[in-house]
Amino acid sequence: SYTTAQYVPVQNREASKYDVHLTINFPEGLPNDVDTMIRRGTLRGRLHNEDINQTWNLFRTAGGTVRRQGNSLVIHAGVPARSENARLWVRVEAEGYAINVQSYQAKLGETVDWAVEMEPSNTPLFMQRLGKSYWF
């Protein structure tokens, strides 16, 4: 039989969001014209919620704010939530750096304070993309 101890519903599922604070660090610097990099595809970012199988473009459709802070991009976004916990994934591609894919276990009510450290690379992005298949 069903008891409240076995099932805890998320209150107001439609309005529930994981509060994501993502800092992407570029140790060898970040070009001045980030917008041009985004348009040319030399800077890409994807954020994926595994629980609801939904993906957003970090720099265009995440519905949050993106600001530059020195050699970092700081993104604040609310990611729709359907349950108390979810695995979030991020993939960042930037010319001059290795493609970085990471996950984070998010929990409703707790800030997702996530830092991504980009690793310098001499391999062009198109070559890196050829070597990997991406599921989000």
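This is a short chat about the nonpolar core and the salt bridges of one predicted model.

Me: What sort of model is this, and how are residues numbered?
Reply: The model is predicted, so local features need pLDDT of at least 70, side-chain atom pairs count only at pLDDT 80 or more, and totals for chains, interfaces and linings use all residues. Residues are numbered from 1 along each chain as its sequence is written, and side-chain values use heavy atoms, with hydrogens and water left out.

Me: How many residues are in the largest nonpolar core?
Reply: That core has 30 residues. A nonpolar core is a set of buried (under 20% relative accessible area, 1.4 Å probe, protein chains only) Ala, Val, Leu, Ile, Met, Phe, Trp, Tyr and Cys residues joined through side-chain atoms within 4.5 Å.

Me: Which residues have the most contacts inside it?
Reply: Y18, L22, I24, F26, L43 and L58; contact means heavy atoms within 4.5 Å.

Me: Different topic. How many salt bridges are there?
Reply: A search of the whole structure finds three. A salt bridge is a side-chain nitrogen of Lys or Arg within 4 Å of a carboxyl oxygen of Asp or Glu.

Me: Which residues pair with E93?
Reply: R44 does, with closest N and O atoms 3.9 Å apart. R91 does at 3.2 Å, and R129 at 2.6 Å, N to O. Bridges that share partners join R44, R91, E93 and R129 into one network.

Me: Is E93 buried or exposed?
Reply: E93 is buried, with a relative accessible area of 3%.

Me: And what about R44?
Reply: R44 is partly exposed (from 20% to 50%), at 40%.
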